[in-house]
Amino acid sequence: MSAPAIKIRITVNGTVHVTDASPTMRLLDFLRNELGLTGAKEGCGGGECGACTVLVDGAPICSCLMVLGSAAERQVTTVEGLGDGAGGLDPVQQAFVEEGAVQCGYCTPGLVMSARALVDSDKELTDEVVRTALAGNICRCTGYKKVVDAVRKVGAAAPDAQATSDHSKEQP
Amino acid sequence: MNEPRYYRPKKITEALTILSGEGAGARPLGGGTDLLVRMRVGHMKPSVLVDIGRIGLDTIHPTGDAVVIGAMCTMTQLLGDAVVVRQLPALAQAASKVGAAQIQNMATVGGNVCNASPAADTACALVALEARVMLRSVGGVRSLPIGEFLRGPGTTALAPGELLEAFSIPLLPDDTAAHQSFNKVGGRNALVCSLTAVAGVTQITDGVVQQCRLALAAVGPTCLRPSRAEALVHGEPLTEELCRTAAAAAAAQAQPIDDHRATGEYRRRLVAALVREHLLECMKS
């Protein structure tokens, strides 16, 4: 049996893409280089820093450690897929702005995606729960207090947050 | 890096045919959290990747006296499974210590064991739980105790063309009387390779230890069972004195090395502290 030259079908931020890209290309490289979605960043390239975090079927993963083939037929959400599509921010992004949870910004897309998945879960957003959920996202500028405050603030305003988070509820 | 050829079979039989046909350069791709890192730094250069994410190895089902866990179950799946959380808490606790959320959503229990790192968290718990590994190839199936499967750092009993399909974990006859724990010490709280970890499965009936199985991670070429410590407490009522003596025996059986993470002497002390903690918890519960 020879490795079939398959076309890969993948849904990114609600848009279906059918691509000839190599199935062993990292999902991160596909998003950045093929689709021009540069929100997800490469930090360590080894699954330790979380800068490349995107959601696959609603769950945060490191896109530097997933090959494109593994993401085939699945729903990928990047930071570009958040918000209302008309420039309005997602409640998580809005809370980051209001709490001043951004400094250089390199880690922010990853942090926002981890936070988005957490807010969409049914977990109570205690300090400990938020810190555990964000443990895989490293920020070297600010420390984490404002980030944690921002995420907890979204949790406290849950009904609004839920109403605008339809992107993460897509099913494959 | 020469790009490996990629297959994504839909059935286990298809995956096995590819693995046996492609020979030694073929690697199964599970969650990718270890393999892709090793490929990136050039430690591994597979010519073929067989993505085993769509061949149905991601189920957990109780079979009466055992629980069968598919090799492709992720850490997150283990943590969300009621049977695992209730009846195999040592495994659930170990899964919760593997990486952070992103890694737990990708990393698989089969991958954690097949990488055969002496510090692998779920492997440590599975050794204490006396899991059997179920291996399949085009030639058939076989099963082995996990202690025989793990041969040394990065080395397992997996034969060419063979795939780790599932783990079968025996349940204790009366799990209400059993105490399970997994505790590890690392350089910080999350995202860290264990300096030392200890899993314990101890069953006490009428105040007497019926079974005590301990597994020590990152203090030997593979996960170790400190047989002398286990034998010391077997058939005895636990006392603080005995917990201390058994902990010292476990530390004496550890074979830690000095490396960039910690000294062997520090690891040996950690073994004693973690074994004692497990036994003291058993005494109190």
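**Helix α1 of chain A**

I started at the end of α1(A), where G36(A) follows the helix with a positive phi, near 70°. This is a predicted model, so I am reading computed values throughout.

Next I asked which residues of helix α1, residues 27–34 of chain A, are buried. I got L27(A), L28(A), F30(A) and L31(A). General note to self: an α-helix has 3.6 residues a turn, so residues three or four places apart point the same way.

Then I looked up what covers the buried residues of α1(A). The cover includes five strands' worth of entries in my list: β1 (8–12), β2 (15–19), β3 (53–56), β4 (59–62) and β5 (75–77) of chain A. Helix α2 (68–71) of chain A is also included in that cover.

**Chain A as a whole**

I stepped back to the full chain. Chain A comes to seven helices and five strands. Read from the N terminus, its elements go β-β-α-β-β-α-β-α-α-α-α-α. Chain A has 172 residues, and buried ones make up 48% of them. I also checked the contacts in chain A with a separation of 6 or more: 59% of these are between residues 24 or more positions apart.

**Two domains in chain A**

Where do the domains of chain A begin and end? I noted 8–81 for domain 1 and 91–164 for domain 2. To that contact, domain 1 of chain A gives 16 residues and domain 2 of chain A gives eleven residues. Their C-alpha centres lie 21 Å apart.

For the interface I went to buried area. The two domains of chain A bury about 1,000 Å² between them, and 65% of that is on carbon and sulfur atoms. On the domain 1 side, β3(A) gives the largest share of what touches domain 2 of chain A, with three residues. I looked for salt bridges across this domain interface and the rule finds zero. Polar contacts did turn up, in five residue pairs, both residues at pLDDT 80 or more. I sorted the domain 1 side that touches domain 2 of chain A by residue type and got six nonpolar, seven polar and three charged.

**Chain B against chain A**

How many residues does each chain give to the contact? I have 27 residues from chain B and 35 residues from chain A. The two chains bury about 2,200 Å² between them, with 62% of it on carbon and sulfur atoms. Three residues stood out on the chain B side: Y6(B), Q102(B) and M106(B) supply 27% of the area that chain B buries against chain A, more than any other three residues.

I counted charge pairs here too, and between chain B and chain A there are zero salt bridges. The polar contact count between chain B and chain A is 13 residue pairs, both at pLDDT 80 or more. I then listed the elements that give two or more residues to the side of chain B that touches chain A: β1 (5–7), α1 (12–22), α2 (35–40), β3 (48–51) and α6 (101–106) of chain B. α6(B) gives the most to that side, five residues. By type, the chain B side that touches chain A divides into 14 nonpolar, five polar and eight charged.

**Salt bridges**

So where are the salt bridges? Over all chains I have 22, and I wrote up a few.

R26(A) pairs with D29(A), the closest N and O atoms being 2.9 Å apart. Buried or partly exposed, I asked of R26(A)? R26(A) is buried, because its relative accessible area is 17% and the cut-off is under 20%. D29(A), at 21%, counts as partly exposed.

R116(A) and D120(A) also meet in a salt bridge, at 2.9 Å from N to O. Both lie in helix α4 (residues 108–120) of chain A, four residues apart, about one turn of the helix. R116(A) is buried, with a relative accessible area of 0%.

R131(A) bridges to D127(A), with the closest N and O atoms 3.0 Å apart. Both of these lie in helix α5 (residues 127–133) of chain A, again four residues apart, about one turn of the helix. R131(A) is partly exposed at 41% relative accessible area, and D127(A) is partly exposed at 31%.

Last entry, over in chain B: E130(B), R213(B), R225(B) and E230(B) are linked in a network of salt bridges.

Terms used: Residues numbered from 1 in each chain as written. Chains lettered and ligands numbered in written order. Predicted model: local features only at pLDDT ≥ 70, side-chain atom pairs only at ≥ 80, totals over all residues. Heavy atoms only, no water. Buried < 20%, exposed > 50% of the residue type's maximum accessible area, 1.4 Å probe, protein only. Contact = heavy atoms within 4.5 Å. Domains from an automatic or database assignment. Buried area = accessible area lost by both parts, 1.4 Å probe. Salt bridge = Lys/Arg side-chain N within 4 Å of Asp/Glu carboxyl O. Polar contact = N/O pair within 3.5 Å; in protein donor to acceptor, adjacent residues only side chain to side chain. Nonpolar A, V, L, I, M, F, W, Y, C, P; charged D, E, K, R; others polar.
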